[in-house]
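Grab a coffee and have a look at the chains below. Try each exercise yourself before you read its solution.

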Protein chains: 2
Amino acid sequence: MDEKERLKKQLDFILEVDKVKNIFRQTYLADGNRKENDAEHSWHLALMAVLLKEYSNEEVNLGKVIPMVLTHDLVEIDAGDTYAYDEKGAQTKDARERKAADRIYGLLPEEQGTWLKELWEEFEAYETPEAKFAHVLDNCQPLFLNDASNGKSWEEHQVKKSQIYKRNRKTGEGSEAIWEYMKELIDKHIAMGHVIDDEK
Amino acid sequence: MDEKERLKKQLDFILEVDKVKNIFRQTYLADGNRKENDAEHSWHLALMAVLLKEYSNEEVNLGKVIPMVLTHDLVEIDAGDTYAYDEKGAQTKDARERKAADRIYGLLPEEQGTWLKELWEEFEAYETPEAKFAHVLDNCQPLFLNDASNGKSWEEHQVKKSQIYKRNRKTGEGSEAIWEYMKELIDKHIAMGHVIDDEK
Ligand SMILES: [Ca+2]
């Protein structure tokens with residue numbers, strides 16, 4: 001493969017993934033005016049990876065965390081966004097996302113596609129320090145936005161404390177400090193009536 | 001400063017910069033349906049930094065390029081987006097952006113704020129290999145989107161070849177290979193009537 005053919009493949013991928021700018025999530029922007037999309041979310045996570053690395057329980061390599069968070073939602077181009085608290089969607093999520101990964105990462109030159117697909121699998125497997133820290137970011141960023149937007153998305157979906165805790169059952173393994181802070185915010189929004197306390 | 005106070009400062013910054021999701025640029029998304037915002041643009045550049053690093057003329061450190069492209073447009077929160085081909089706006093751009101940088105980076109713990117502000121100054125100074133490569137990305141991404149969206153933004157602004165070449169006068173210093181490819185695309189869109197050839 002000559003250089004130009006290789007560049008063409010990379011640009012095919014780069015333009016294909018432009019589609020995540022149209023995949024909207026359930027979280028509102030900090031100003032509460034509209035929901036955010038996957039590209040905006042992923043930009044925010046990459047910046048947070050740079051700024052909040054010090055809070056990871058274990059040493060992490062940003063050379064892995066950043067590409068991981070930049071691409072962790074690309075499978076949603078084919079598979080759609082499954083809302084964190086949608087149990088029905090969760091059942092078929094895996095198969096849909098694996099098929100999507102094959103197609104989307106398959107657009108790249110082979111070694112780059114394989115590398116990014118393996119980073120996505122590592123993220124999903126949730127075992128390495130980098131995957132755990134990436135999940136901390138993926139879980140705390142919507143919580144910070146929910147806090148800023150006065151719990152708007154939580155109220156809209158009548159989210160329960162048990163649901164947030166279930167989703168975050170491993171967050172403390174990635175960062176104790178951030179998880180402690182998240183729990184304070186959850187308590188605050190329970191007190192404000194934005195999150196339902198179903199554990200009392 | 002204790003850990004929690006430090007985290008609070010970092011989160012103040014992280015929420016403040018959420019505003020770039022509402023700063024819209026002149027470039028359309030690849031599908032041509034709406035213009036893109038600074039967060040989406042910066043996400044795209046960071047991913048391209050990872051994938052296209054091999055085309056940089058000089059060896060670059062992604063540990064600098066990535067934070068640089070993730071944050072290069074933050075000053076627009078206060079200073080607004082100055083369209084690439086807006087000559088009047090360009091005159092006051094510098095002063096407006098410097099003031100914005102002081103305020104925005106000033107939200108962070110001092111050593112992080114100074115580091116990011118210096119990275120932004122390095123980007124603006126356009127001298128180091130990392131700054132040159134970051135500019136390649138910043139200049140080629142809208143061009144690739146313009147190509148994908150059939151020159152929509154170029155036509156809207158009646159963009160001339162000389163304007164594109166002036167903006168890209170140093171792009172070849174960052175990446176010969178990408179600049180060669182960009183020139184082919186410009187020629188293609190001149191032939192299609194989307195870019196005005198004022199150099200004939
Ligand atoms: Ca997701």
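What follows is a set of exercises on this predicted model, each with a worked solution.

**Exercise 1. Find out how many residues of each chain take part in the contact between chain A and chain B, and which three residues of chain B supply the most area.**

Step 1: Start with the head count. On the chain B side there are 51 residues in contact with chain A, and they meet 51 residues of chain A.

Step 2: Now turn to area. The two chains bury about 4,400 Å² between them, with 69% of that on carbon and sulfur atoms.

Step 3: Pick out the top contributors. B:Lys21, B:Trp43 and B:Leu51 together give 17% of the area that chain B buries against chain A, which is more than any other three residues.

**Exercise 2. Work out which residues have the most contacts inside the largest nonpolar core, then follow B:Leu52 and A:Ile14 to their partners.**

Step 1: The largest nonpolar core counts 114 residues, and the ones with the most contacts inside it are A:Phe13, A:Leu52, B:Phe13 and B:Leu52. As background, nonpolar side chains in soluble globular proteins tend to be buried together.

Step 2: Take B:Leu52 and skip its neighbours within four places in sequence. In chain A, B:Leu52 contacts A:Leu7, A:Gln10 and A:Ile14. In its own chain, the partners are B:Phe133, B:Leu137 and B:Ile178.

Step 3: Hop over to A:Ile14, which sits in helix 1 (residues 3–16) of chain A. With a relative accessibility of 2%, A:Ile14 is under the 20% cut-off and so counts as buried.

Step 4: List what A:Ile14 touches, again leaving out neighbours within four places in sequence: B:His44, B:Met48, B:Leu51 and B:Leu52. Two of these names should ring a bell: B:Leu51 came up in the interface area, and B:Leu52 in the core.

**Exercise 3. Say which residues coordinate the calcium ion, and whether they are buried or exposed.**

Step 1: Look for the donors. They come from A:Asp73 (OD) and A:Glu76 (OE), at 2.6 to 2.7 Å.

Step 2: Check the accessibility. A:Asp73 and A:Glu76 are both buried.

**Exercise 4. Which parts of chain B does the aromatic pair of B:Tyr165 and B:Trp179 tie together?**

Step 1: Over all chains, the structure has six aromatic pairs. B:Tyr165 and B:Trp179 make an edge-to-face pair, with 5.3 Å from centre to centre and 65° between the planes.

Step 2: Place the two rings. B:Tyr165 belongs to helix 9 (residues 161–167) of chain B and B:Trp179 to helix 11 (residues 176–191) of chain B, so the pair links parts that are 14 residues apart in sequence.

Step 3: Compare their surroundings. B:Tyr165 is partly exposed at 23% relative accessibility, while B:Trp179 is buried at 10%.

Step 4: Rings also meet charges here. The charged end of A:Lys161 lies over the ring of A:Tyr165, 5.3 Å from its centre. Likewise, the charged end of A:Lys152 is over the ring of A:Tyr28, 4.5 Å from the centre.

**Exercise 5. Locate B:Tyr126 and B:Asn150, two residues with a positive phi, and decide whether each is buried or partly exposed.**

Step 1: B:Tyr126 has a positive phi of about 60° though it isn't a glycine. You'll find B:Tyr126 in the loop between helix 6 (110–125) and helix 7 of chain B, and at 13% relative accessibility it counts as buried.

Step 2: B:Asn150 isn't a glycine either, and its phi is near 65°. B:Asn150 is in the loop between helix 7 and helix 8 (152–156) of chain B; at 45% relative accessibility it is partly exposed.

Step 3: Go back to B:Tyr126 and look at one of its contacts, B:Thr171. B:Thr171 is in helix 10 (residues 171–174) of chain B and is buried, with a relative accessible area of 0%. Beyond four places in sequence, B:Thr171 also contacts B:Val136, B:Asn139, B:Trp179 and B:Met182.

**Exercise 6. Find what B:Tyr85 touches beyond four places in sequence.**

Step 1: B:Tyr85 is in the loop between helix 4 (76–79) and helix 5 (87–105) of chain B. Its relative accessible area is 19%, so B:Tyr85 is buried.

Step 2: The partners are B:Val159, B:Gln163, B:Ile164 and B:Arg167.

Definitions and conventions: Residues numbered from 1 in each chain as written. Chains lettered and ligands numbered in written order. Predicted model: local features only at pLDDT ≥ 70, side-chain atom pairs only at ≥ 80, totals over all residues. Heavy atoms only, no water. Core = buried A, V, L, I, M, F, W, Y, C linked by side-chain atoms within 4.5 Å. Buried < 20%, exposed > 50% of the residue type's maximum accessible area, 1.4 Å probe, protein only. Contact = heavy atoms within 4.5 Å. Phe/Tyr/Trp six-rings, centres within 6.5 Å; stacked < 30°, edge-to-face > 60°. Helix = DSSP H or I, 4+ residues; strand = E, 2+ residues; numbered from the N terminus. Lys NZ or Arg CZ within 6 Å of the ring centre and 35° of its normal. Donors = N, O, S within 2.8 Å, 3.2 Å for Na, K, Ca; no water. Buried area = accessible area lost by both parts, 1.4 Å probe.
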